[in-house]
Amino acid sequence: MTAAETPVLETPLAASHVGLGARMVPFAGYLMPVQYPTGILAEHQWTRAHAGLFDVSHMGQAALIGPDHATTAKALEALIPAAVVELGEGRQRYSQLLADDGGILDDLMFAREAGADGRILLVVNAACKAADYAHIAARLPEGVRLEIFEDRALLALQGPEAEAVIESLGGAVSGLRFMDVASIVIAGVPVHVSRSGYTGEDGFEISVANDDVTRLWDLLLEDARVKPIGLGARDSLRLEGGLCLYGHDIDTTTSPIEGGLAWSIQKRRRVEGGFPGWARIARELEEGPTRIRVGLLIGGRQPAREGAEIATKDGTIVGRVTSGGFGPTVEGPIAMGYVPLTLSMPGTDLDLIVRGKALAARVVALPFVPAGFRR
């Protein structure tokens, strides 16, 4: 099907985006704002300096519910490589839903609510959520069930002024650390918040009832420190942050180790295993993967987009770009892609082939822009 023929859904904020002059495009089955009248560059820079407001209501929100935390946690550990059992109340982690061969079916966030024993919240990617839910539900033990939240929207307020904005509306978030979660009230609206962020900046994800989201969106935008941000700047921000986009930088052909995500597998899980693909992941942890995701800083001004070939200086093709574009904060073109482990050291000189022309590039450590998370 072409993009024009693909059925699209709308988030509860669709009319708000149109009213703000957003350019709407199909994305992950939804009609979403790619940019507002000020443009992607201005939106990117605003988020870095102030607070950008994103509608991410297309993401999937759900919960695993069991009789107690240990039971629910073990059910989730059978599907992902992260340690769940020892996750403290009010804390969140990042992980991946794995296939039996260690390939990544999706990446996700999971959180343990304070005072809700046996309940683990999940946030999954929009394009994968139907398949994720079916995969998870089919593999749960007796006594643990999956509950899908169709009645909740999701906002993200990202940037160095995000905390002050929420506090000014009565939201108690100043005490939250990076990857903390809490149930709070913002301007009389009950919400569930997490403090993380795909922009590399300090930020909050705000889960709110569909019936309340337009009111909360409007209240946040009344603050002069806040501007709406679309998918374009969301992508440039996460690229500068060296963060993976599922379906591009990671997918069913990549393992967490190849994707540079070994940090998300805690020590106990590396030793005990017990999750899909463990044999492959244990081998790659021990011996190193044959390829790995790297950052690429490109000389000149021409960007290399997804699919561009990566070559050695003698012209040997060794990989492909998975994400690429102009980095407004870096003030130049940047990319990520997979190369053999032997070519992954920062400082390695490579070429990116764009329309038959070799662009000089150098492997650099990720992220391109240091994270501003509140540790």
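1. A good place to start is Val-124, which lies in strand β8 (residues 119–124). Please keep in mind throughout that this is a predicted model. Because its relative accessibility is 2%, Val-124 counts as buried. Leaving aside neighbours within four places in sequence, Val-124 is in contact with Met-59, Gly-60, Asp-106, Asp-107, Leu-108, Lys-129, Asp-132 and Tyr-133. Leu-219 sits 95 residues from Val-124 along the chain, and their C-alpha atoms are separated by 27 Å.

2. Next, the second largest pocket. Its volume is about 230 Å³, and 17 residues line it. Those nearest the centre of this pocket are Tyr-30, Ser-57, Lys-129, Glu-150 and Arg-152. You have met Lys-129 already, among the contacts of Val-124. Two or more lining residues come from each of β5 (60–65), α4 (129–137) and β10. The largest share, three residues, is from α4. Sorted by class, the lining of the second largest pocket holds eight nonpolar, five polar and four charged residues.

3. Helix α2 spans residues 40–49, and its buried residues are Glu-43, His-44, Trp-46, Thr-47 and Arg-48. What covers them? The cover for the buried residues of α2 includes β3 (30–35), β4 (51–55), β10 (152–158), β14 (226–228) and α7 (231–240). Do have a look at Trp-46 in your viewer: the charged end of Lys-227 sits over the ring of Trp-46, 4.7 Å from its centre.

4. On to the aromatic rings. The count comes to three aromatic pairs. One of them joins Phe-54 and Tyr-198 edge-to-face, at 5.5 Å centre to centre and with 85 degrees between the planes. Phe-54 belongs to strand β4 and Tyr-198 to the loop between β12 (189–194) and β13 (203–209), so this pair ties together parts that are 144 residues apart in sequence. Both Phe-54 and Tyr-198 are buried. Tyr-198 has a charged partner as well: the charged end of Arg-234 sits over its ring, 4.5 Å from the centre.

5. Tyr-94 and Trp-263 make another aromatic pair, this one stacked, with 5.6 Å centre to centre and 20 degrees between the planes. Here too distant parts of the chain are linked, as Tyr-94 is in strand β6 (residues 91–98) and Trp-263 in the loop between α7 and α8 (267–272), 169 residues apart. Is each ring buried or exposed? Tyr-94 counts as buried because its relative accessibility is 14%, whereas Trp-263, at 57%, counts as exposed.

6. A search of the whole structure finds two cavities of 30 Å³ or more. The largest cavity has a volume of about 50 Å³. Lining it are Met-32, Pro-33, Phe-54, Asp-55, Ile-229, Gly-230, Leu-231 and Arg-234. Elements giving two or more residues to this lining are β3, β4 and α7. By class, the lining of the largest cavity divides into five nonpolar, one polar and two charged residues. Phe-54 and Arg-234 appear in this lining; Phe-54 also pairs with Tyr-198, and the charged end of Arg-234 sits over the Tyr-198 ring.

7. Finally, the second largest cavity has a volume of about 40 Å³. Its lining consists of His-69, Glu-89, Arg-112, Glu-113, Gly-115, Ala-116, Asp-117, Gly-118 and Arg-119. In this lining, five residues are charged, three polar and one nonpolar.

Terms used: Residues numbered from 1 in each chain as written. Predicted model: local features only at pLDDT ≥ 70, side-chain atom pairs only at ≥ 80, totals over all residues. Heavy atoms only, no water. Buried < 20%, exposed > 50% of the residue type's maximum accessible area, 1.4 Å probe, protein only. Helix = DSSP H or I, 4+ residues; strand = E, 2+ residues; numbered from the N terminus. Contact = heavy atoms within 4.5 Å. 1 Å grid on protein atoms, 1.4 Å probe; cavity = no way out; pocket = protein on both sides within 12 Å on 5 of 7 lines; lining within 4 Å. Points joined across faces, edges and corners; volume = space filled by probe spheres on them. Nonpolar A, V, L, I, M, F, W, Y, C, P; charged D, E, K, R; others polar. Phe/Tyr/Trp six-rings, centres within 6.5 Å; stacked < 30°, edge-to-face > 60°. Lys NZ or Arg CZ within 6 Å of the ring centre and 35° of its normal.
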